[in-house]
Structure formats: structure tokens, C-alpha cells
Amino acid sequence: MAKPQRGRRPDPVEKPAPQPLQSVRGKAPAEGPLALDRLIHERLRLGILSALAVNESLTFHDLKALMQTSDGNLSVHARKLEEAGYVNCSKSFERRVPKTAYSITPVGRRALERYLDHMEALIRTTRER
């Protein structure tokens, strides 16, 4: 009787291929006019856009306090919104102290309104059931 070789793994048992996920009825497509804006859907970015939508502009310090987050976290998320064209960032000095201020752009306001419309429709549909 032959001994099994040391260090050799037994042949793996083949697992069946995973089945594709079925779409949920009423779910928005990943792309297109009915898609959920994944950039806004993140909690901190939604908070930033919402705060800027009801204020003409807010400083970095104001947003940080309002969102209760760290400098680095706010900076990363604000930059993503700026790169998408959703917010404007202006830097200046006030008594030799750097000041960063953010404001929502028309593109950002439209994106936020579309996102809110999408969420309201989802809530309405869910409550009707």
C-alpha cells in the first residue's frame, strides 16, 4: 500500500459555478437616467451636498464640525465631489490664515435633486406594499 506523499494537498473538490444574481423588481439599472448616483449615496458626501444645498457656502471648518468627521475624511470626500463637478472649492487667506470654502454647483444641485427624487420614489413604492 502506497503512502500519501507528504506536503501534497488532496485534489480540490470542484465547486459549482456561482449563479448570477437575479435583479430585484423596481431596482434602478447600474447606469442610465434611473440609476442611483453612487457618488452621492455615500453618507458623508450626501451630508456635504445637503448642507451646501441650504447654505450659500460653508468653510472646511464648518463642514467638519457639522459632519463630525476628521480633516482627512472630509478632505477626501469633498475632493471626490469637486472632481465630479458637484462642488466648488475656493481657497483664500483671512488674516494670514488659510480658509477653504465650498459651495454647491448647478450640476451638483441637479444631481442632488435627482438623487432625492429617486429615494422618494423608492420610499413611496416601499410604503405602498
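Start by selecting Leu-46, Leu-49, Ser-50, Leu-52 and Ala-53 in α2, then add Arg-109, Leu-112 and Tyr-115 in α5: these two groups of residues meet. By class, this contact of α2 with α5 has six nonpolar, one polar and one charged residues. Keep in mind as you look around that the model is predicted.

Now draw the helix axes. Those of α2 and α5 come within 11 Å and cross at roughly 115°, which makes α2 roughly perpendicular to α5. Turn the view until one helix lies over the other, and you will find a left-handed crossing.

Next, select the whole of α5, residues 106-128. This helix has 23 residues, and its first and last C-alpha atoms are 33 Å apart, close to the 33 Å expected at 1.5 Å a residue. Which residues of α5 are buried? Colour Gly-108, Ala-111, Leu-112 and Tyr-115 to see them. To find what covers these buried residues, show α1 (38-41), α2 (43-53) and β3 (97-104), which are among the elements that do so. Leu-112 and Tyr-115 deserve a second look: both are buried, and both belong to the contact with α2.

For the last stop, go back to α2 and bring in helix α3, residues 60-67. Their axes lie 11 Å apart, and the helices pack at an angle of about 125°, so α2 and α3 are oblique to each other. This crossing is right-handed. Pick out Leu-44, Gly-47, Ile-48 and Ala-51 on α2, together with Leu-63, Leu-66 and Met-67 on α3, to see the residues that make the contact. They divide into six nonpolar, one polar and no charged.

Conventions
Residues numbered from 1 in each chain as written. Predicted model: local features only at pLDDT ≥ 70, side-chain atom pairs only at ≥ 80, totals over all residues. Heavy atoms only, no water. Helix = DSSP H or I, 4+ residues; strand = E, 2+ residues; numbered from the N terminus. Expected span 1.5 Å × (residues − 1). Buried < 20%, exposed > 50% of the residue type's maximum accessible area, 1.4 Å probe, protein only. Contact = heavy atoms within 4.5 Å. Axes fitted to C-alpha atoms, helices over the stretch in contact; angles between N-to-C directions. Parallel < 35°, antiparallel > 145°, perpendicular 65-115°, else oblique. Left-handed = near helix turned anticlockwise from the far one by under 90°. Nonpolar A, V, L, I, M, F, W, Y, C, P; charged D, E, K, R; others polar.
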